[in-house]
Amino acid sequence: PEHRYHNFNKSEKSESTLHDVDSKSDGTSSIQKWLENSFQVASSSPYVSELEKIENRKQHNTYQRKPLSNIGSNLPKHIPNDTGNSITDWKPALPFKKLEFTAIPSYVDDECAIYLQDVDAQSTLQLIKRALETIFKGSEPKPHDKDWVVGQICIAFYEPDGNWYRGKVVKVISDEQIEVLFVDYGNTEVLHSDQLRKRILMGHTPLQCHRCLTEGIIPVSADNKWPVKALDFIHGTIVTQECQVQLQPPATEGGNYVILTLTVPGGEDLIDTLMSMHYATYVIDCNKINGEEEEVIEEPAKQLVMQKSERNTSAFKPCPVKSQLSENTSNVASGALHPQLADWFEMIRFSPIQVPKEAAYASLVLPDSIVEMLIEPTIITGNTSMNVIILDCDDAEIMLHISDMADIQGLMQEESEHLPLILNPAVGMACVGCFTEDDAWYRAVVKEVLPERNAVKVYYVDYGNEEMLPIERLREIKEEWARLPMMSFPVTLWNVVIGPEYDHTSCTTMLKNCLTSPQWSWCM
């Protein structure tokens, strides 16, 4: 039986044919033909009938079937038998044919790099999978399959789906534990050495994925690393889905593509989604505006002098804010703006709001150790100025204030209605006011008293806006609520001078356009 078995495998349908067609320049069509002609399960196939006979002998313990991976051991010397020594590395992936196309993300690594496969490459991936399964399914490791070194290529078994894939050793943990990169997909797994084979097939087929970087974003985290929660969200949203991508080509040979846009099947852009969920923020290149290089004018180095504001503060996520506009306020259409920004764009002012010096709230002084923080604008107060709140920074005390403020905000909605009315309001008095827009309660300070109208003008200290309120919408503030500093503070674009050729409206419009993709990192 063994003699007949090997005589059959000397024919043109032997598994070594796979190596022959694989060694051609592309080999895809030849591999397809070989798979269809040689390995179709059909009753008329002599190969199948021969295997059936062998399997029957195995069941009757008259013949022990040898694994398919060994069928080339007795082939004639003129038929190549690739043991893996002739190929030391996989062929690199071919460049994408287009920069805008449909791609299938296969993996997201810890640095938020996304591995992309061209949707047109799926047939080639299936051919690779079928070929490796044909040869290695049911195989047993040979003695030399036990020893591995970093950088060595291999054929690896992926237990979750029971298939064999092309791989590369990235770490040798022990004699039995090997970390392997699945080169056509990008993921790494720790495998037992028995799940690896040194015999290489499909070595002349290029890799089928590219590692692509995300453009201009960084994680919102203290250690500048992507949180597991964010990576899990990205992975669950895009992996194995057909996505529309727009790429920037590698800057250098062998470099990474850069993802400019990645649109999931639902039509949402991944980067915009990460922004809205506060998983990421933009890294701004100040030398590039609207994608065009601007001339950089070198000036003598100037020392940046930081002026402490009288009301430096931090903040939490704001509610919508609106107000009756004064005569020196310019309305700007906000219908096409980001929904989180539409409300405060209606409140543009060209005269800064002045907080009474008698205000009972403390100011949060930003420590000198803070270099960068994540902020969100709440109101424009001038051509180059606005009020902002802090969403995240690396100062523990400020982050504690943000957390405490969120708790107080919830308590105010539950308890403020039952607090005592303020019968004799005075300028500078701390209070809670019921905001007209949403009928919610917020911390405020009395800015002006109008007895003849039975009303007061209040300034909402945690957002930076003001409005006129009837006195019955005012309540005394609990002492513990007033202990936290004001959670909104003014900022001005440093060293920016408005040219005489621009009017207030055009300046405001330009500032608005710069702020329509929240949130921005403010560098001090």
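The following paragraphs lead through strand pairing, aromatic contacts and a surface patch in this predicted model.

Strand S16 (residues 385–392) offers a starting point. All 8 of the 8 residues in S16 are buried, so the strand is largely enclosed by the rest of the structure. Strand S15 (residues 372–380) is joined to S16 by 6 bridges, and the two run antiparallel; a hairpin of 4 residues connects S15 to S16. S16 also pairs with S22 in antiparallel fashion, through 4 bridges. Asn 387 of S16 takes part in both pairings: it stands opposite Ile 379, and its bridge partner in S22 is Pro 490.

Beyond S22 (489–492), the loop that leads to helix H10 (504–514) contains Tyr 502. With a relative accessible area of 41%, Tyr 502 is partly exposed. Tyr 502 belongs to a nonpolar surface patch together with Leu 493, Val 496, Ile 498 and Met 510, and the accessible area of the patch is about 410 Å².

Aromatic contacts form a further theme, with 14 aromatic pairs in the structure. One of them is the tilted pair of Phe 136 and Trp 164, with 5.7 Å from centre to centre and 35 degrees between the planes. Phe 136 lies in helix H5 (residues 122–136) and Trp 164 in strand S4 (residues 163–172), so this pair ties together parts 28 residues apart in sequence. Phe 136 is buried at 1% relative accessible area, and Trp 164 is buried at 6%. Tyr 158 and Tyr 165 form an edge-to-face pair, because their planes stand at 75 degrees, with ring centres 6.3 Å apart. Ring pairs link these two tyrosines with Phe 182 and Tyr 185 into a cluster.

Methods
Residues numbered from 1 in each chain as written. Predicted model: local features only at pLDDT ≥ 70, side-chain atom pairs only at ≥ 80, totals over all residues. Heavy atoms only, no water. Patch = residues over 30% accessible without salt bridge, like charges linked within 9 Å, V, L, I, M, F, W, Y side chains within 5 Å. Areas by Shrake-Rupley, 256 points an atom, 1.4 Å probe, with all protein chains shown as cover. Salt bridge = Lys/Arg side-chain N within 4 Å of Asp/Glu carboxyl O. Buried < 20%, exposed > 50% of the residue type's maximum accessible area, 1.4 Å probe, protein only. Pairing = 2+ DSSP bridges. Phe/Tyr/Trp six-rings, centres within 6.5 Å; stacked < 30°, edge-to-face > 60°.
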